[in-house]
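This report describes selected local features of one molecular structure. It is written for a reader who meets the structure here and has the sequence and the coordinates at hand.

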Amino acid sequence: MSNSDGKDTKEYPCISCHTNCCKEYTIFVNAHDIYRLVTGLGMEPQSFLEIYGAKDFDLGIKVKEGLVDLALKQKNGACMFLVESKDVFRCTVNEFKPGVCKSYPFQILDGKLIQMDSKMCPVDWDTKEFDAMMSTHIKKDEAEWKFYNDLILEWNKKHWIKKPLDAFLKFILDKVESSLKFDSNVV
Ligand code: SF4
Ligand code: SF4
């Protein structure tokens, strides 16, 4: 693993970078991300979710509160789950963190794992080292986003702005739970 000067780094590079990506990005989340955080942390979704105005009219969630998207709340200019101690920043929900956090800074392009073309991340990652793990994860994450987008379409068709966000959250969490039960029965 090397940094932008091409020098070998022994320490995991995210530590010396002070976790810029957790401060600069808004972390949009899907139904599975929310489900993992709710069940893993025992928190109500409303305690860690922030409502944003939706950019995509077709895929925005239509609830009483408006046409919205959901992301993680921020605190002191960073994700609320990022904490600093002894000058080291740490994700406090590493086990349950959203799929997009696990993927960054990789993406699949034309079937190949590559590093995103982003000036934010100062590290030249060795994509070969992460290929097997990341390719599997990114495909799973893509499937979860498709599942979520299908749920939003179903919700919007049935409820079009009549019900509040709380009802939407219950709807998606129930759907994820049913799908996970179904998957475990199939196996
Ligand atoms: S992924 Fe890149 S930008 Fe994010 S913490 Fe690690 S080194 Fe920093
Ligand atoms: S959930 Fe963790 S990894 Fe993701 S932005 Fe927040 S602190 Fe960073």
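In the hairpin of β6 and β7, two residues lie between the strands, and K86 takes a positive phi near 50 degrees. The model is a predicted one. Strand β6 covers residues 82–85 and strand β7 covers residues 88–91; the two run antiparallel and are joined by four bridges. Within this pairing, E84 stands opposite F89 of β7, while V83 has R90 as its bridge partner in β7.

Ligand 2 is surrounded by residues that include L82 and C91, and these two positions fall within the ranges of β6 and β7, residues 82–85 and 88–91 respectively. The other residues around ligand 2 are C22, I27, L72, C79, F81, V93, K97, P98 and C101. By class, the shell holds 10 nonpolar residues, one charged residue and no polar residue.

Two members of this shell, V93 and K97, deserve a closer description. V93 is placed in the loop between β7 and α4, and K97 is found in the loop between β7 and α4, the helix of residues 99–103. Are these residues buried, exposed or partly exposed? K97 counts as buried because 21 C-beta neighbours lie inside 10 Å, and 20 or more are required for that class. V93 has 19 other C-beta atoms within 10 Å and is therefore partly exposed.

Their contacts, leaving aside residues up to four places away in sequence, can also be listed. K97 is in contact with C91 and K102, of which C91 also belongs to the surroundings of ligand 2. V93 touches L37, L41 and F81, and F81 is likewise one of the residues around ligand 2.

The table gives C-alpha separations for the two loop residues.

| Residue pair | Separation in sequence | C-alpha to C-alpha distance |
|---|---|---|
| K97 and P122 | 25 residues | 22 Å |
| V93 and P13 | 80 residues | 19 Å |

The remaining features concern helix α5. Where is the kink in helix α5 centred? The helix spans residues 127–159, and its kink of about 45 degrees is centred on M133. Just after α5, I161 takes a positive phi of about 65 degrees. A positive phi is thus reported at two places: at K86 in the hairpin of β6 and β7, and at I161 just after α5.

Technical notes. Residues are numbered from 1 along each chain as its sequence is written. Chains are lettered from A and ligands numbered from 1 in the order in which they are written. This is a predicted model: local features need pLDDT of at least 70, side-chain atom pairs count only at pLDDT 80 or more; totals for chains, interfaces and linings use all residues. Two strands pair if DSSP finds at least two bridges between them. A residue is near a molecule or strand if its C-beta atom, placed from the backbone, lies within 6 Å of it. Ala, Val, Leu, Ile, Met, Phe, Trp, Tyr, Cys and Pro count as nonpolar, Asp, Glu, Lys and Arg as charged, and the others, Gly among them, as polar. The bend at a residue is the angle between axes fitted to the seven residues ending there and the seven starting there. A residue is buried if 20 or more other C-beta atoms lie within 10 Å of its own, exposed if 12 or fewer, and partly exposed in between; C-beta atoms are placed from the backbone. Two residues are in contact if their C-beta atoms, placed from the backbone, lie within 7 Å.
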